[in-house]
Amino acid sequence: MASTTATTTTTTTTTNESTAASLQPPAASSVHPHTSTTSSTSGGSKVRSTEELLQAAYGDEYGKTGHDLAGHSVGDADVETLLAKGRGSSLLYGELLPAGAVALARALFERRRDVAGPILELGMGTGKVALQYFLSLNRDVYGVELAPSRWKLADDALRKLAELEPNRFQYQNTAEGRSRLQDLSTNCSCEFQCGSLLDTPDELLTTAAAVVMEVCLPKDVQRLACSMLQRCSTGCRIVCYAPFHSLVENCRMAPVNTSSPDGEDVCGDGVGGLKLAASWKECGHGFAFYEVAADASAAQAAWATALEKSDVVQRAGVDPTGNPSRARKTKFTDDVLPVPNEEYPWKEGDKVLVGWSWLPFLDLGNPGEDSDGGLNGVTWMAATILALDKEGFATICYEDDGTVEEQVHPERIRNPNCLEKRRPIEMDWGDEDADA
């Protein structure tokens with residue numbers, strides 16, 4: 001488990017200030033949300049654009065695509081934190097590209113530029129999107145990230161900006177796993193915290209102008225997150241990796257109305273979808289996009305109106321699972337495994353091995369019985385059981401990268417400390433005498 005002992009950390013600031021132990025919601029900024037994206041500094045020094053500042057903060061990682069970003073690398077401390085605090089969350093990684101973040105900002109504040117309140121990025125990764133909004137929109141921003149290694153990269157970015165422009169930015173390490181960058185020219189703040197998005201303070205949720213949650217979550221955690229987001233104020237806009245609407249009773253999430261006086265469509269497909277350029281899909285990935293309605297009946301009415309014209313719009317194609325995982329590669333294995341019909345020697349919290357094969361084996365055998373990953377072999381991966389349903393299917397977290405797989409067939413799981421000899425599978429081949 002990652003250490004939670006508070007430590008004293010020196011701050012990179014222009015003045016010495018005492019640290020604050022409690023998280024305070026950022027004050028709403030009076031600055032217009034779509035002001036210039038250039039950085040002004042005092043004393044006649046160079047004026048840096050938002051892009052230049054982000055490049056200084058992240059180097060070659062800024063705008064990078066693919067599956068080898070710094071945020072993809074997870075360590076033991078990240079997985080331990082996930083198991084201790086994540087409540088089933090996944091460490092699967094990806095991030096919006098700069099162009100995707102610009103498009104999302106337009107969608108979040110289209111026809112509502114004077115809406116006050118902070119932007120929350122829940123599951124911020126290394127903080128690129130949150131910091132881009134802080135620098136370009138001149139708004140208070142709050143970001144939270146579960147993985148300590150990713151939070152550290154985000155924290156380093158804040159430090160670099162304070163060191164680069166000490167007359168404009170002031171950095172504070174306010175507590176263990178919590179830091180803040182203050183823009184002295186606008187009085188806006190960007191606060192990064194290491195923790196679970198499910199612990200976001202109510203003061204932030206109720207005052208938020210927008211919530212960005214482009215994070216993969218298993219279905220149970222999606223329900224918890226959806227329930228939490230019901231505390232947002234009417235009019236708050238929310239973007240999610242997975243479709244959250246109707247996951248809880250009296251859900252207030254409604255599609256964003258795309259009708260615009262100038263005919264320009266920047267708010268998605270009008271039926272709860274918005275396509276944005278992402279590190280894993282430059283041409284655009286479909287995200288769920290909502291506006292919080294006054295109540296559940298207003299949300300239902302908005303959905304009814306939107307769906308009436310759904311056949312004439314091109315949908316963004318939101319992933320209904322919300323949690324892509326290795327399960328997509330194991331479907332041939334799962335299709336032929338027998339129905340669970342016995343007690344299994346593991347429980348929630350146990351460390352196990354989970355197997356899969358490209359071939360539809362009726363039984364995967366035991367670890368070590370074949371060449372791991374070979375043509376006819378079975379690959380075994382270390383994992384921890386997060387939850388078990390009444391039929392024995394498991395939700396597990398892989399220890400190598402912290403990703404989560406749901407509905408794992410118990411016949412794919414082995415307890416390494418209690419390997420039992422596999423019994424032959426009885427097959428019904430029909431009436432052999434009838435063919436004689």
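This short presentation considers Tyr 290, helix 8, Gln 222 and two cysteines in turn.

Good morning. Please keep in mind throughout that the model is predicted.

I begin with Tyr 290. Its place is in strand 12, which runs over residues 281-292. Is this residue buried or exposed? Tyr 290 has a relative accessible area of 0%, so it counts as buried. Its surroundings are drawn from distant parts of the sequence as well: leaving aside neighbours within four places, the contacts of Tyr 290 include Cys 236, Arg 237, Ile 238 and Cys 240. Also among them are Ala 242, Pro 243, Phe 244 and His 245, and the list further includes Met 253, Ala 254, Val 256 and Trp 303.

Two of these partners deserve a separate remark. Val 256 lies 34 residues from Tyr 290 along the chain, yet their C-alpha atoms are separated by 5.4 Å. With His 245, the side chain of Tyr 290 forms a side-chain to side-chain polar contact of 2.7 Å.

The contact with Trp 303 leads us to helix 8. This helix comprises 13 residues, 296-308. From first C-alpha to last, helix 8 reaches 19 Å, close to the 18 Å expected at 1.5 Å a residue. Which of its residues are buried? They are Ala 296, Ala 299, Trp 303 and Ala 306. Because these four cover an arc of only 85° around the axis, they sit on the same side of helix 8. On the other side, Thr 305 and Glu 308 are exposed. And what do the buried residues of helix 8 pack against? Their partners are strand 10, residues 253-255, and strand 12, the latter being the strand that holds Tyr 290.

I turn now to Gln 222, which is found in helix 7, residues 219-229. Gln 222 has a relative accessibility of 0% and therefore counts as buried. Where does this side chain find a polar partner? The side chain of Gln 222 reaches the backbone oxygen of Leu 217, at a distance of 2.7 Å.

Finally, the cysteines. Cys 190 is buried, with a relative accessible area of 0%. Cys 267 also counts as buried, at 2% relative accessibility. How many disulfides does the model contain? With a cut-off of 2.5 Å between cysteine sulfur atoms, the count comes to 0.

To close, I return to the opening residue: Tyr 290 is buried in the model, and its side chain has a polar contact with that of His 245. Thank you for your attention.

How values were computed: Residues numbered from 1 in each chain as written. Predicted model: local features only at pLDDT ≥ 70, side-chain atom pairs only at ≥ 80, totals over all residues. Heavy atoms only, no water. Helix = DSSP H or I, 4+ residues; strand = E, 2+ residues; numbered from the N terminus. Buried < 20%, exposed > 50% of the residue type's maximum accessible area, 1.4 Å probe, protein only. Contact = heavy atoms within 4.5 Å. Polar contact = N/O pair within 3.5 Å; in protein donor to acceptor, adjacent residues only side chain to side chain. Expected span 1.5 Å × (residues − 1). Arc of directions from axis to C-beta.
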